[in-house]
Amino acid sequence: MKISIVTISFNQEKYLRQCIDSVLGQTGCEVEYIVVDPGSTDGSRAIIESYGDRLIRVFESDDGPADGLARGFSRATGRIYGFINSDDYLLPGALAGVARFFEQHDDSVFITGGGYTEDESGARTRIRTDALTTHNMLHLYAVMFQQGTFFASNLFKRVGGINVRNRTCWDYELFLRFLVVGATHEILHQDVAVFRLYSDSISGSGRLETKFYQEVEALFLELTGKERGPFDRLRTRVERARRVLGRYLPGQT
């Protein structure tokens, strides 16, 4: 089974080689690896070029990360897709586990494996992922782990791929649209990836938080036909509290 992985990278020389090695070091399936760089100036392109024909290089300007991903996936030929940021990395055996799952399931299912966040000191914290539904995503109480999520190329194409106009939550929108067209989400009970959090990262810095919530609210309006109201916000708070309590109460998830 061929799995296509896309990485977008811009001036990530510090972490890039670990990311690339984590993908190219996967066994148990055929890996097609596409790395997109719109114009790094820090030595990243030399790192990418050092891998020769072991990966597909996309060196062209783009209109932001979502557009970069779209350009990468336009080159993909695998049955299964995934994407990993240049400062994150896959764990050994990740893609073999993904391949085994999809050998037994059709293209209407997408999956998320387990994994960790990793801080600047290298300390890891386990990520407790949820099975995604339209409800828990729209009401913002799902735990989404993009780095560990994989999906069929047919499903990706069915929803029109990445929305290149989305500036902050293209992964959230993509997975939500999978669910809207009838796909189901399952958890792969295997650790597959590490999500690095540090002060200069987008997630770690929070510098796009305002724009993120604007785009999330626009999706809520589009898909529910109404703006988020007080009852919706209360529901989010209740469900988040229930999820936290569920970690500590016997018999709860």
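## Salt bridges

The structure holds 16 salt bridges. The model is a predicted one. Four residues, Glu-60, Asp-67, Arg-71 and Arg-75, are joined in a network of such contacts.

Within this network, Arg-71 pairs with Glu-60, and their closest N and O atoms are 2.8 Å apart. This pair links distant parts of the chain: Arg-71 belongs to helix α3 (residues 65-73), while Glu-60 lies in the loop between β3 (56-59) and α3, 11 residues apart. Glu-60 also forms a salt bridge with Arg-75, with a distance of 3.2 Å between the closest N and O atoms. Here too the pair links distant parts of the chain, from the loop between β3 and α3, which holds Glu-60, to the loop between α3 and β4 (80-83), which holds Arg-75, 15 residues apart.

## Exposure of the network residues

How buried or exposed is Glu-60? Glu-60 has a relative accessible area of 25% and is therefore partly exposed, because the partly exposed class lies between the limits of 20% and 50%. Both of its arginine partners named above fall in that class: Arg-71 is partly exposed with a relative accessible area of 27%, and Arg-75 is partly exposed with 34%.

## The Arg-124 and Glu-118 pair

A salt bridge also connects Arg-124 with Glu-118, where the closest N and O atoms are 3.4 Å apart. The two ends of this bridge are covered to unlike degrees. Arg-124 counts as partly exposed, at 43% relative accessibility, whereas Glu-118 is buried, with a relative accessible area of 9%.

## Helix α10

Helix α10 has 17 residues and spans 24 Å from its first C-alpha to its last, close to the 24 Å expected at 1.5 Å a residue. Which residues of α10 are buried? They are Asp-232, Thr-236, Glu-239, Arg-243 and Gly-246. These residues lie on the same side of α10, because they cover an arc of only 100° around the axis. An α-helix has 3.6 residues a turn, so residues three or four places apart point the same way.

The buried residues of α10 pack against α9 (209-224). On the other side of α10, Pro-230, Phe-231 and Arg-237 are exposed.

## Nonpolar surface patch

Phe-231, Leu-234 and Val-238 form a nonpolar patch on the surface, and together they have about 280 Å² of accessible area. Phe-231 is one of the exposed residues on the side of α10 opposite the buried ones. Val-238 is also found in helix α10 (residues 230-246). With 39% relative accessibility, Val-238 counts as partly exposed.

## Ala-218 in helix α9

Helix α9, against which the buried residues of α10 pack, contains Ala-218. Is Ala-218 buried, partly exposed or exposed? At 45% relative accessibility, Ala-218 counts as partly exposed. Ala-218 and Arg-228 are 10 residues apart in sequence, and their C-alpha atoms are 9.6 Å apart in space.

Conventions: Residues are numbered from 1 along each chain as its sequence is written. This is a predicted model: local features need pLDDT of at least 70, side-chain atom pairs count only at pLDDT 80 or more; totals for chains, interfaces and linings use all residues. Side-chain values use heavy atoms; hydrogens and water are left out. Patches are made of residues with over 30% relative accessible area and no salt bridge: like charges are joined within 9 Å, nonpolar side chains (Val, Leu, Ile, Met, Phe, Trp, Tyr) within 5 Å. Accessible areas come from the Shrake-Rupley method with a 1.4 Å probe; for residues, only the protein chains shown count as cover. A salt bridge is a side-chain nitrogen of Lys or Arg within 4 Å of a carboxyl oxygen of Asp or Glu. Helices (H or I, at least four residues) and strands (E, at least two) are DSSP runs, numbered from the N terminus. Buried means under 20% relative accessible area, exposed over 50%, partly exposed in between (1.4 Å probe, protein chains only). The expected span of a helix is 1.5 Å times one less than its number of residues. The arc is that of the directions from the helix axis to the C-beta atoms. Contact means heavy atoms within 4.5 Å.
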